[in-house]
Amino acid sequence: MNAQAPDIVRAAYAELVVTDLAAARWFYVDVLGLVVTAEEPDALYLRAFEEYLHHSLVLRTGSAPALARLAYRVRSPREVDTAEAYFRALDLPTERVAAGATRGIGEAVRVEDPMGFCVEFFYEATHVERFTQAYHRHGGNAIARIDHFNVMVPDVQAANDHYTGLGFGVSEQIEDAEHLYAAWLYRKSTVHDIALTGGDGPRLHHVAFATNERHQVLHICDVLGSLRAEHHIERGPGRHGVSNAFYLYLRDPDGHRIEIYTSDYYTGDPDNPTIHWDVHDNRRRSYWGHAVVPSWYSEGSTVLGLDGTPQPLTSPTDPGEAAVTIGADGFGERVPDGEGFKLGHQS
């Protein structure tokens with residue numbers, strides 16, 4: 001008999017390893033305007049203006065940039081137990097962690113999922129002040145909340161099956177007659193909490209934060225331009241076909257990709273239909289027809305497993321899919337060595 005899946009509410013926080021906490025603070029706090037909930041010598045705990053849980057992003061220093069963990073909130077403390085039983089029944093590496101193992105987070109379960117990501121499930125969290133109407137604190141680029149994660153995996157179908165087994169709905173897919181190239185899945189009533197995209201993996205493609213209005217996305221571009229830091233803009237602003245989102249992709253000083261995102265749509269009805277995109281329809285990646293920079297397809301953050309060590313990469317095994325799947329939405333071109341996105345902190 002299959003174990004019951006935990007009742008997951010939404011994508012809740014990510015923990016990124018950064019090599020220079022001062023440079024990361026400049027990017028996430030001074031430029032993007034995220035709120036500092038807590039600060040330690042080796043870590044920053046950040047949140048956006050509408051959020052009342054302790055944090056939605058942890059930045060922790062380490063020797064090399066990486067994704068340490070993705071975290072989902074479950075509906076009650078009992079669901080933490082349910083998550084532990086569910087993943088133990090799948091014979092996956094699972095660890096119970098005490099309250100406070102991550103500052104501001106209660107008792108939790110961490111698992112190394114079938115794709116190799118360290119994923120945490122928690123309910124209890126410290127509540128902090130919500131700044132929704134503290135407009136005197138909002139800059140022109142005010143970020144509202146964390147929205148979703150996007151990960152790169154060699155077998156999108158297997159990853160899709162894992163997440164639908166956890167009770168996620170599927171809002172959109174990119175496919176052809178033989179392959180599933182990417183899938184967008186949700187628990188909250190938006191387009192996605194997790195996106196699964198084909199390519200060498202496991203890697204993190206991006207963490208996305210939502211704004212309420214498009215002008216806030218555009219203001220970030222103006223801020224970076226005024227600081228002569230426009231090299232942190234990797235792609236956009238633009239309009240996705242998939243999700244309908246108005247987007248901007250940034251690279252932080254360590255190369256982690258962050259999306260600033262607005263204007264997707266409601267998916268909360270039980271019969272919400274899945275939108276199917278043909279992988280040959282280029283509107284999926286840019287509804288306006290813009291070309292995509294090669295780094296957006298080929299580059300992603302290293303992933304740490306449950307034991308904290310970097311996960312080895314696996315390439316797609318199907319020759320047809322491997323030939324066309326580079327990163328976040330199907331067809332792309334491989335990037336010659338040394339021609340990826342260039343970074344350098346400027347303040």
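Before I name any domain, a word on the annotation: UniProt positions are given here in the numbering used for this model, feature names are shortened, and annotations may be inferred rather than shown by experiment. With that caveat, an unreviewed UniProt entry lists "domain: VOC" for residues 10-124 and 145-263.

This is a predicted model, in which local features need pLDDT of at least 70 and side-chain atom pairs count only at pLDDT 80 or more, while totals for chains, interfaces and linings use all residues. Residues are numbered from 1 along each chain as its sequence is written, and side-chain values use heavy atoms, with hydrogens and water left out.

Taking helices (H or I, at least four residues) and strands (E, at least two) as DSSP runs numbered from the N terminus, residues 10-124 come out at 21% helix and 42% strand, with the end C-alpha atoms 14 Å apart. For residues 145-263 the figures are 19% helix and 46% strand, with 13 Å between the end C-alpha atoms.

Let me turn to Val18, which lies in strand β1, residues 8-18. Val18 has a relative accessible area of 0% and is therefore buried (under 20% relative accessible area, with a 1.4 Å probe and protein chains only). Leaving aside neighbours within four places in sequence, Val18 is in contact (heavy atoms within 4.5 Å) with Ala24, Leu59, Arg60, Thr61, Gly62, Asp254 and His256. Ala64, although 46 residues away from Val18 in sequence, sits 6.8 Å from Val18 in space, C-alpha to C-alpha.

Definitions and conventions. Buried means under 20% relative accessible area, exposed over 50%, partly exposed in between (1.4 Å probe, protein chains only).
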